[in-house]
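Dear colleague,

I am passing on to you the structure we spoke of, with its sequence, so that you can look through it at the bench. My notes on it follow the files.

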Amino acid sequence: MRYILQRVGQLLMVLLAVTAITFASVNVLGDPLTNILGPLASVDCTDVDAGLIEDTSTRGGTSQGDCSIIAETRAEFNLDDPLPQRYVAWLGNISTGDFGTSFQNQLPVSTVIKNKLPVTLRLVGMGLFLSIAISIPWALLSAYRANRAFDNASTVVSFGLLAVPNFAMGVILFYFFAVRWQIFPTRYDPSSVYSQVKSLVLPALTLALPLAATYQRLLRTDLITTLQEDFVHMARAKGMPNRTIMVRHALRPSMFSVLTVFGINTGALLGGTLVIEQIFSVPGMGGEIVKAIVRDDTPVVLGIVVIIVTGFVVVNLLVDLMYSILDPRVRRG
Amino acid sequence: MADDISTENTEVVLDEAELEIDDAVKKKLGVGFWIAITWLVLVVGLALLAPVLPIDGQNDVAAGGRLESPSMDHLFGTDGAGRDVFSRTIWGARVSLSVGFIAIASGLFVGGPLGIIAGFFRGKVDAVISFVFLSLLSFPSLVLALLIVNSLDRSLRIVALVLGILAIAPIGRLARANTIVFAEREFVQASRVIGAKNGRIMVRELLPNVLIPMSALALLGMAVAIVAEGGLAFLGLSVKEGATWGKMILEGADPRTLRTGTHVSMSPIMVLFFTVLALNYAGDRVRSYFDVRETAF
């Protein structure tokens, strides 16, 4: 229990640090005022504020009217407060589920996220499922006859898969399955549940293939080690069928490396879907954050980063807890 | 520190397996390694020599039409604007390879020393540095890159430096792990006994030992940085000026161009693939050649 609390505490710290960095970088590197008001924000109000100039709007120069809009906006979005104070206020709002309002279309950020998150989650979920569904049987087959023809061929294939960048994989799959053979649609088709799932197959496969190659490598190595253990010899001596030995006896104790990497990759996956969503025009968080970053829509950027990082941190915590279920020794920390 | 125990256990098991399987190939770099190096030398050489090679300029419209299939005149065909894809691939290599190189160099120069300091002093220093690494790793890397590149400018230097920041944490963690292993070894203690200062021990005793696994990771990391540039290109945020591999693949990736001029995207994809493959393979061989225990996530 103490171990779990310790992990949770550490992860909360990470969350704080990451959100603080994001908050600071979007506010320091881009000027939020410009993005709310457009060119109006660049009006120089120092003289007006100091009372040196009267209303000069008729002559097309700096006008007091413009400056009062600027002042109002600054007040509305609390832009005059010091950065740390704004960060704390923002954190307070976040913890009550209030992610603020998009600068762009005045929609609550939580609504934007609610619209886009399910698509991305479905894509990531399908990708993870495919990667596991491909890698486990693949690893079992290669480890069963290690260093034979099939295993050697798998080594070459998985090394090759790992060298294909995800966007290149996307383009290749897109070319063959959507453009040339037209098995899958070239654009995301939201018309029915079936067509949605069908539209997500290619992007999910793009995510899954390099992951499957990684997991296959790790699981294969661990399986080969496990297969030399006494309890496997014992099972074999009892006359257990090979299939049972592989699936029932050898698989579970061989899952450690895969689990660790699974955790790390899943977090990276949430970020990595950005590019793939662009290629297959999937209307998920990826497209949304790219739009928001380009338009300096700070609340949306922050909201999405919080969601992605929280997802990453939680997945890692779950992986750690999975360890203690798989290997009781870890619990005695 | 329960998680330390578990990772150590799995690592030991991994090593035993590796010993049995890779025993024969262990102490050789192998033919594959030299093929990989040859490819890399070729690509780097062509990239360096691009200005003096008899190839088209990167924006020259070649004789012939648009989207022409590969031929003797145009080895990789021409793109949608009638430019020679082969020439552009070489010009693109200049940007893509520089991004990879600068990124990893900055990752090494910042992450390496930080990792060694953390691993050498342990205690509070280590806690702080490790926390920084962990936070950096928790960040969706592409999002961080997007944030910075978008708010600054899309010059080669900024893009490369941003990818360099992303390289700090993995390189630093590897340096730290190796330093911890070596810090307790006899030659380090011997050096301390004869009165060497901390700085000297770190530079003269630890650095050379940590450098080898780091160089293996640098090869792998360079592949990652080159790929990351491509990812940025797909989000419209790669280096603004001139051709890059990522931008070339993007230009050929819309359904229409894919149908009529598949070579426009597939040629740079192939070159990128072989380069990443070569870097991965060379890095992998260097790592197992020097028998490094820590895996490089």
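Below I go through the cavities, one helix and one patch on the surface.

Please keep in mind that this is a predicted model. Three cavities of 30 Å³ or more were counted in it, and the largest of them has a volume of about 80 Å³. Eleven residues line this largest cavity, and the closest to its centre are V26(A), I293(A), D296(A), L147(B) and S151(B). At least two lining residues each are supplied by α1 (2-29) and α14 (298-326) of chain A and by α5 (141-151) of chain B, and the largest share, which is three residues, comes from α5(B).

In chain B, helix α11 (residues 263-289) is made of 27 residues and spans 38 Å from its first C-alpha to its last, which is close to the 39 Å expected at 1.5 Å a residue. Because 20 of these 27 residues are buried, α11(B) is largely enclosed by the rest of the structure.

On the surface, V44(B), L48(B), L49(B) and V52(B) make a nonpolar patch of about 400 Å². V52(B), one of these four residues, lies in the loop between α2 (30-49) and α3 (85-121) of chain B. Buried or exposed, which is V52(B)? With a relative accessible area of 66%, V52(B) counts as exposed, because the cut-off for that term is over 50%.

With best wishes

Definitions and conventions: Residues are numbered from 1 along each chain as its sequence is written. Chains are lettered from A and ligands numbered from 1 in the order in which they are written. This is a predicted model: local features need pLDDT of at least 70, side-chain atom pairs count only at pLDDT 80 or more; totals for chains, interfaces and linings use all residues. Side-chain values use heavy atoms; hydrogens and water are left out. Patches are made of residues with over 30% relative accessible area and no salt bridge: like charges are joined within 9 Å, nonpolar side chains (Val, Leu, Ile, Met, Phe, Trp, Tyr) within 5 Å. Accessible areas come from the Shrake-Rupley method with a 1.4 Å probe; for residues, only the protein chains shown count as cover. A salt bridge is a side-chain nitrogen of Lys or Arg within 4 Å of a carboxyl oxygen of Asp or Glu. Helices (H or I, at least four residues) and strands (E, at least two) are DSSP runs, numbered from the N terminus. Buried means under 20% relative accessible area, exposed over 50%, partly exposed in between (1.4 Å probe, protein chains only). The expected span of a helix is 1.5 Å times one less than its number of residues. On a 1 Å grid over the protein atoms alone, a cavity is a set of points where a 1.4 Å probe fits but cannot get out, and a pocket is an open set with protein on both sides within 12 Å along at least five of seven lines; lining residues have an atom within 4 Å of a point. Grid points are joined across faces, edges and corners, and a volume is the space filled by probe spheres set on the points.
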